[in-house]
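Please look through the structure shown here before reading on. The paragraphs that follow take its parts in turn.

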Amino acid sequence: MKKMDVYMDYSGWELEPVGGDTGQAYKGTKDQERVFLKRNSSPFLAALSAEGITPKLIWTKRVGNGDVITAQEWLTGRVLSSDEMSSTEVINLLQQIHHSATLYNMLTRISCEEYIPERFLVEYFEDLHVALRENYFLNTVVDYLSENLPFVSKGDMTVCHGDLNRRNFFKEDNGRLYLVDWEMVRLAEPLSDLTMVMVQYIEPSQWNEWLECYGVKFSKNVHHRVKWYSLMNCLFLIKKNYYEEKFQEMNQKITLAKYILANY
């Protein structure tokens with residue numbers, strides 16, 4: 001935070017930290033101007049702004065210590081509620097992102113790594129606490145995912161956000177919906193994004209209907225992929241909840257994973 005403060009003091013901006021996991025986002029005020037400032041945002045931001053997926057990018061500056069500061073228009077609005085995450089509005093925005101040739105071409109030009117299914121498993125095991133690494137049920141899920149890798153390989157790769165929680169959906173007061181915080185953007189199968197929403201906000205009994213609204217055409221193979229990615233995202237959330245000591249939420253995700261494994 002000191003790096004940012006030094007730069008902003010020099011430039012005459014008044015800073016107010018805003019929510020986010022990275023601690024690098026600020027509301028900047030200078031004279032009568034207000035902007036949303038972020039340090040070392042994704043270089044993909046310009047393309048997202050041009051597509052209207054994020055608030056308008058105003059300027060980008062590299063400062064002496066090597067940091068890149070971006071300024072976006074400051075908008076008034078709110079994040080989505082959990083209930084709103086199943087809306088057609090969210091579906092439409094995800095469709096726009098996943099089917100944009102412009103975004104896909106831009107992301108491939110900046111050498112974004114493809115997230116094949118094996119990569120998801122590798123990421124899960126990175127810095128995994130021994131309590132989770134030795135958990136019998138979680139290892140049962142891992143065994144299922146590993147054994148079924150051949151059935152989920154060679155999926156279509158699209159631009160995926162990679163961190164679809166409700167706090168990253170921002171609805172402006174005029175009703176326009178944006179998706180922010182693109183630090184985890186990757187080329188991956190769109191079901192990796194969609195199931196991330198499903199395991200957090202949608203009842204399993206409504207999954208197929210929600211996916212059909214998005215445009216998923218079900219087959220045995222697609223059903224297999226939905227199960228694989230939903231279990232994978234459960235593991236990521238269990239890991240995250242454990243480190244954040246949100247044990248009630250963690251146990252809810254374990255219960256959901258048990259249901260998916262047995263019934264989906």
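A residue counts as buried when its relative accessible area is under 20%, as exposed when that area is over 50%, and as partly exposed in between. Cys160 is therefore buried, since its relative accessible area is 0%. The model discussed here is a predicted one.

Cysteines raise a further point. A disulfide is a covalent bond between the sulfur atoms of two cysteines. How many disulfides does the structure hold? The number is zero. Cys234 shows why one candidate fails: the closest cysteine sulfur to its own is that of Cys160, and the two are 17 Å apart, which is too far for a bond. The cut-off for a disulfide is 2.5 Å between the sulfur atoms. Cys234 is also buried, because its relative accessibility is 0%.

Next comes a helix. Helix H11 covers residues 220-243, which makes 24 residues. At 1.5 Å a residue the helix should span 34 Å, and the C-alpha atoms at its ends are 35 Å apart, so the expected and computed values agree. Is H11 mostly covered or mostly uncovered? The helix is mostly covered, with 17 of its 24 residues buried. Just after H11, Glu245 takes a positive phi of about 60 degrees.

The end of this helix also leads to the salt bridges. A search of the whole structure finds five of them. In one, Lys240 is joined to Glu244, with the closest N and O atoms 2.8 Å apart. In another, Lys246 is joined to Glu244, and here the closest N and O atoms are 3.3 Å apart. Because these salt bridges share partners, Lys240, Glu244 and Lys246 belong to one network. Each of the three residues can be placed by its accessibility. Lys240 is partly exposed at 33%, Glu244 is partly exposed at 35%, and Lys246 is partly exposed at 36%. Elsewhere, the side chains of Arg78 and Glu84 meet in a salt bridge with an N to O distance of 2.8 Å. Arg78 has a relative accessible area of 39%, so this residue is partly exposed as well.

The strands come next. Strands of a sheet pair through backbone hydrogen bonds, and the pairing is either parallel or antiparallel. One open sheet has three strands in the order E6-E9-E10, and its pairing is antiparallel. Which strands stand at the edges? They are E6 (77-79) and E10 (177-179); each has a single partner strand, so one side of each is left without a neighbour in the sheet. From one strand to the next, the twist averages 25 degrees. E6 is joined by three bridges to strand E9 (residues 169-172), and the two run antiparallel. Within this pair, Val79 has Phe170 of E9 as its bridge partner. Helix H3 (residues 88-98) packs on this sheet and touches E9 and E10. The direction of H3 makes about 50 degrees with that of E10.

Another open sheet of three strands has the order E7-E11-E8, and its pairing is mixed. Its edge strands are E7 (114-115) and E8 (158-160), each of which pairs on one side only. E7 pairs with strand E11 (residues 186-188) in the parallel sense, over two bridges. Glu114 has Leu187 of E11 as its bridge partner.

The last stop is strand E5 (residues 68-73). Five of its six residues are buried, so E5 is largely enclosed by the rest of the structure. Which strands pair with E5? Strand E3 (residues 33-39) pairs with E5 in the antiparallel sense over five bridges. Leu37 has Ala71 of E5 as its bridge partner. Strand E4 (residues 57-62) is also joined to E5 by five bridges, and these strands run antiparallel. Here the bridge partner of Arg62 is Val68 in E5.

Notes: Residues are numbered from 1 along each chain as its sequence is written. This is a predicted model: local features need pLDDT of at least 70, side-chain atom pairs count only at pLDDT 80 or more; totals for chains, interfaces and linings use all residues. Side-chain values use heavy atoms; hydrogens and water are left out. Helices (H or I, at least four residues) and strands (E, at least two) are DSSP runs, numbered from the N terminus. The expected span of a helix is 1.5 Å times one less than its number of residues. Buried means under 20% relative accessible area, exposed over 50%, partly exposed in between (1.4 Å probe, protein chains only). Two strands pair if DSSP finds at least two bridges between them. Axes are lines fitted to C-alpha atoms, for helices over the stretch in contact, and angles run from 0 to 180 degrees between N-to-C directions. Contact means heavy atoms within 4.5 Å. A salt bridge is a side-chain nitrogen of Lys or Arg within 4 Å of a carboxyl oxygen of Asp or Glu.
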